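Open the model in your viewer and keep the selection box at hand. We will go from the whole chain to its parts, one stop at a time.

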Amino acid sequence: MKSEILIFMIALTGCLCACQQEDELEPLDVTNSFATSPGATDEETKLKENFYNTTGCHLLFNDTLRHEYKGTDENGKPYYETELLGLEYQLTSTSNFRFKFDYLQTLEQKRQVTAFLQNDLLPYIKNVMPYSLLVANGIDEYQRNTMDVSYDYVGSPLTYNNLRCLALNVSGLWGLTQEERKAYAQDICCEIIFASFGGTAGNKYTDGKAGQFFSINYNNYSTPKSYWWDPTNILNPLELGFLEDPYENNFSSPKEDAVAYIKACLSMTEEEFFEKYGENDINGYTRQKYDIIKPLLEATGIKFN
């Protein structure tokens with residue numbers, strides 16, 4: 001018995017010595033793909049660094065985060081490691097949308113956009129800043145055609161967001177007066193607030209911060225206004241809590257619905273809001289959605305008036 005204990009103690013001592021001789025673990029030197037290149041001193045890099053230091057948000061002018069030379073392959077040809085932003089990627093899935101960007105072409109355009117972001121937009125959105133902003137002179141959105149593998153053009157959104165970036169289309173910025181720039185900044189602000197609510201990859205957003213708001217019209221978003229089994233049974237969107245009726249055949253999308261409420265709540269007093277929209281609220285949906293959105297907006301500290 002004593003010999004067994006002695007053998008065990010010797011083995012244990014060996015294990016302890018082996019553990020003590022292990023090299024200390026060191027963290028990996030992981031580069032942030034959104035950050036500027038170390039040591040770069042060009043003016044575009046300075047614009048990005050100053051913006052990040054002011055806002056805590058990375059500023060991007062294209063969707064290529066990394067394109068690094070890694071050496072040559074077995075045939076002597078150079079190869080690179082490239083990382084794209086990938087707006088279509090969500091946390092656990094890939095959406096059926098793809099995007100084409102028209103990049104800003106000149107340094108002067110980038111200066112003007114950065115000045116607009118800092119002077120006109122930042123005062124509104126400083127409490128709801130995304131992780132990064134991709135600014136482009138145009139964003140075309142395409143949706144996969146379920147009949148084949150092609151993609152069909154569906155529009156040019158003002159903004160589009162995923163978990164790590166918000167893409168901003170500034171094609172409407174050029175040539176605006178100061179008052180028009182203010183209105184443009186407010187439109188962008190409303191969409192950024194919407195992005196801050198989060199939601200599912202399917203754009204239903206019922207699991208995000210404003211989930212109760214979206215659940216009220218969950219079954220009506222972007223669907224035909226008439227029941228398919230009874231074409232004469234036309235639903236009135238204004239009586240279902242939608243503020244506008246801009247489409248002839250379909251209800252608003254979650255984004256269109258939320259942005260309409262956000263803009264109205266930030267631009268009007270409660271009395272003004274219900275004076276304009278209360279007449280059609282025969283089922284109380286407008287009141288429910290207003291009471292959900294209003295506290296969320298107050299928590300951001302954002303005000304238009």
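Among contacts between residues at least 6 apart in sequence, what percentage join residues at least 24 apart? In this predicted model, the share is 62%.

**Stop 1: the whole chain**

Show the cartoon. The protein chain has eight helices and nine strands. Of its 305 residues, 39% count as buried.

Now colour by pLDDT. The mean for the chain is 84. A value of 70 or more is reached by 82% of the residues. Then select residues 5-10. Here the pLDDT is below 50. Beyond near neighbours in sequence, this stretch has zero contacts in the model. Read its drawn path with that in mind.

**Stop 2: the largest nonpolar core**

Select Leu117, Ile193, Phe213 and Phe273. Show their side chains. These four touch the most other members of the largest nonpolar core, a set of 59 residues.

Next, select the elements that each give at least two residues to this core. On the list are α3 (107-125), β5 (132-136), β9 (165-169) and α4 (178-196). It continues with α5 (211-215), α6 (254-267), α7 (270-277) and α8 (285-300). Which element supplies the largest share? That is α4, with nine residues.

A general point fits here. In soluble globular proteins, nonpolar side chains tend to be buried together.

Zoom in on Ile193. Leaving out residues up to four places away in sequence, Ile193 touches Val128, Ile262, Leu266, Leu297 and Ile302.

Another core lies apart from the largest one. Its 14 residues include Leu60, Phe97, Phe99 and Tyr160. Select those four to find the place.

**Stop 3: the largest cavity**

Go back to Leu117. This core residue also lines the largest cavity. Add the other lining residues: Phe51, Thr55, Leu121, Leu122, Ile125, Met129 and Leu133. The cavity's volume is about 40 Å³. The model has two cavities of 30 Å³ or more.

Which helices line the largest cavity with at least two residues each? They are α2 and α3. The largest share, four residues, comes from α3. By class, the lining has seven nonpolar residues, one polar and no charged.

**Stop 4: the second largest pocket**

Select Ser33, Ala35, Thr36, Ser37 and Leu65. Of the 26 residues that line the second largest pocket, these lie nearest its centre. The pocket has a volume of about 520 Å³.

Now colour α2 (43-55), β1 (58-60) and β2 (64-72). These are the elements that give two or more residues to the lining. The largest share is six residues, from α2. Helix α2 thus appears at two stops: this pocket and the largest cavity.

How does the pocket lining divide by class? There are nine nonpolar, eleven polar and six charged residues.

**Stop 5: His67**

Stay with β2 and select His67, which sits in this strand. Which residues does His67 touch, not counting those up to four places away in sequence? They are Tyr80, Glu81 and Thr82.

Finish with a distance. Pick the C-alpha atoms of His67 and Glu81. The two residues are 14 apart in sequence, and their C-alpha atoms are 5.6 Å apart in space.

Definitions and conventions: Residues numbered from 1 in each chain as written. Predicted model: local features only at pLDDT ≥ 70, side-chain atom pairs only at ≥ 80, totals over all residues. Heavy atoms only, no water. Core = buried A, V, L, I, M, F, W, Y, C linked by side-chain atoms within 4.5 Å. Buried < 20%, exposed > 50% of the residue type's maximum accessible area, 1.4 Å probe, protein only. Contact = heavy atoms within 4.5 Å. 1 Å grid on protein atoms, 1.4 Å probe; cavity = no way out; pocket = protein on both sides within 12 Å on 5 of 7 lines; lining within 4 Å. Points joined across faces, edges and corners; volume = space filled by probe spheres on them. Nonpolar A, V, L, I, M, F, W, Y, C, P; charged D, E, K, R; others polar. pLDDT = per-residue confidence, 0-100.
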